[in-house]
2 protein chains.
Amino acid sequence: MERWGKVAIVGVGLIGGSVGLALRSRGLATEVFGIGRSSRSLDRAEQCGAIDRGTTDLAIGVAMADVVVVCTPVDAIAEDVRRVADLTPDEVLVTDAGSTKRRIVEAIEGHPRASSVYVGAHPLAGSERRGVESATSDLFEGRVCLLTPTARTPDKPKQRARAFWKSLGSRVLEMSPAEHDEVLAYTSHLPHAVAAALAGCIPADWLPLAAGAYRDSTRVAGADPALWTAIFRENRGPLLKALGSFQDRAAAFKYALMTDDESAIFAWWEEAKRRRDRFESFNKPAAS
Amino acid sequence: MERWGKVAIVGVGLIGGSVGLALRSRGLATEVFGIGRSSRSLDRAEQCGAIDRGTTDLAIGVAMADVVVVCTPVDAIAEDVRRVADLTPDEVLVTDAGSTKRRIVEAIEGHPRASSVYVGAHPLAGSERRGVESATSDLFEGRVCLLTPTARTPDKPKQRARAFWKSLGSRVLEMSPAEHDEVLAYTSHLPHAVAAALAGCIPADWLPLAAGAYRDSTRVAGADPALWTAIFRENRGPLLKALGSFQDRAAAFKYALMTDDESAIFAWWEEAKRRRDRFESFNKPAAS
């Protein structure tokens, strides 16, 4: 196959490493080049089999690339895509894996060259772990990947981006960058914020007595602080709105509890269970 | 061994069924008698191997019992224990598995006969599933079981309760009923309430795009509404306090996000991660 030619991955952590492993295990690229900040992390990526070769020099790494996947933190992506666009051949496809989209896409569309080769993407896969050691070749298998092209995205890179993420095993869906951010604020960013609020408010001395409910509800609070600070800041508006809905719902429960209103507490829980059961009915267990 | 003689289990669901399976698989009882509301559920318990025999008649079920374990919902336990105490031999041990303790223990201590044979217990094990079909013989294995004797609890039943729960594989710890309820409000009841608030506030149309963070954070919201309404009401005071701490922590995050205060968001997440990592360091994966 080798259908994608030379693929360059900028930022070879959990996501970037998994892109590399998926490409290499499926024989989809002639070469997978990793670009990172330290040669030590690139050595680890090579040992894991995520890349063929690595470099800390972006210009060398993306030269002659057919596809570039930018897997850096959300607050670095726009700038990285713009730099990549200036260093790559005309026919390159540049895509990313950022958890937020509106601000990134807007910043990239202000750069004519970048906006002609870039298609925003967000594979809904990951975990609270980080680093290339946690990467797996099947991370995207059967998982949704959201593409966020705009009216200004040319058709050819859009089709190639669709085919690229599909070739890694993803189910590809499209939505606008703004809609993406509104949906993800509720389905991912809010659950992360709530998990951290919960993890942070339980007295440390009582943690040895916490069991499964605490463990699962707070799992994602083990994720990297810098990564999540950047995601929250990039998606402030939609997240504040989601947080408001959540606070309203928590307050409704508190009021029902204060007034010891049995039927209100029951109805409140039942509505939550109905949604949770609905989610369960069309989702099978998989990674975060 | 058969050290416990005849054991009667009142309420043979997930917890009661697991008590039965643990007793029978370890050969700890001469007979395990199940008492339930319907003969159909008792038939299922017998088929699962959780009990030797079942009856819907409490008087028959607990007659001549050496140990009675009350595994009914929290709002039924006190009354069930009082009825059991009036129907059993002098030397019986009566214990329970309720998720709340202060109100239950207070109600039982108002009944002289019950208070002389009862020792409150709460095995920290369970799951969002229910019914004897989900019961397992190793549910209590290595898990903490909290005993809540008071100054009025005689020494002999206290020692027997300790030995009984230990024989099922539990690590037995003691605390007062009030302290139990304060701790559990934070470590279990609050995580359940938060999971339900989260599950309830996410627009249903977007559920197909929810991934691992949502799935794990809301898992326990799939639990039984009647069961949790009763637990919340039994533990209103401590749960309202825990809910207040949680709301304060969520509000602190919201304020940091509103003011786009990078270092405050980072520090807020880092504190949560520190507690989550500490929990992880002394807890191994197990059931809820």
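Me: How many residues of chain B are in contact with chain A?
Reply: In this predicted model, 77 residues of chain B are in contact with 77 residues of chain A.

Me: And which helices of chain B supply the side that touches chain A?
Reply: Five are listed for chain B: α8 (177-201), α9 (212-218), α10 (225-234), α11 (236-258) and α12 (262-282). Each of them supplies at least two residues of that side.

Me: What kinds of residues are on that side of chain B?
Reply: They divide into 46 nonpolar, 14 polar and 17 charged.

Me: OK, switching to chain A by itself. How many helices and strands are there?
Reply: Chain A has 12 helices and 9 strands.

Me: What radius of gyration does chain A have, and what would a compact globule have?
Reply: Chain A has 21 Å, and a compact globule with 288 residues would have a value near 19 Å, so the two agree. Along its principal axes, the C-alpha trace of chain A spans about 70 × 45 × 30 Å.

Me: How much of chain A is buried?
Reply: Buried residues make up 56% of the 288 residues in chain A.

Me: What share of the contacts comes from residues 24 or more positions apart?
Reply: In chain A that share is 74%, counting contacts with a separation of 6 or more.

Me: Which domains does chain A have?
Reply: The domain assignment gives domain 1 (6-175) and domain 2 (180-282). The C-alpha centres of these two domains of chain A lie 30 Å apart.

Me: How many residues does the contact take from each domain?
Reply: In chain A, 14 residues come from domain 1 and 14 residues from domain 2. On the domain 1 side, α4 (74-87) and α5 (102-109) of chain A each supply at least two residues.

Me: And what's the make-up of that domain 1 side?
Reply: In chain A, the residues of domain 1 that touch domain 2 divide into 4 nonpolar, 4 polar and 6 charged.

Me: Back to helices. How far does α8 of chain A reach?
Reply: Helix α8 (residues 177-201) of chain A has 25 residues and reaches 34 Å from its first C-alpha to its last. That is close to the 36 Å expected at 1.5 Å a residue.

Me: Where is the kink in α8(A) centred?
Reply: The kink in α8(A) is centred on Ala185(A) and is about 50°.

Me: Why is α8(A) described as largely enclosed?
Reply: Because 23 of the 25 residues of α8(A) are buried, this helix is largely enclosed by the rest of the structure.

How values were computed: Residues are numbered from 1 along each chain as its sequence is written. Chains are lettered from A and ligands numbered from 1 in the order in which they are written. This is a predicted model: local features need pLDDT of at least 70, side-chain atom pairs count only at pLDDT 80 or more; totals for chains, interfaces and linings use all residues. Helices (H or I, at least four residues) and strands (E, at least two) are DSSP runs, numbered from the N terminus. The radius of gyration is taken over C-alpha atoms; the globule rule is 2.2 Å times the number of residues to the power 0.38. A residue is buried if 20 or more other C-beta atoms lie within 10 Å of its own, exposed if 12 or fewer, and partly exposed in between; C-beta atoms are placed from the backbone. Two residues are in contact if their C-beta atoms, placed from the backbone, lie within 7 Å. The expected span of a helix is 1.5 Å times one less than its number of residues. The bend at a residue is the angle between axes fitted to the seven residues ending there and the seven starting there. Domain bounds come from an automatic or database domain assignment. Ala, Val, Leu, Ile, Met, Phe, Trp, Tyr, Cys and Pro count as nonpolar, Asp, Glu, Lys and Arg as charged, and the others, Gly among them, as polar.
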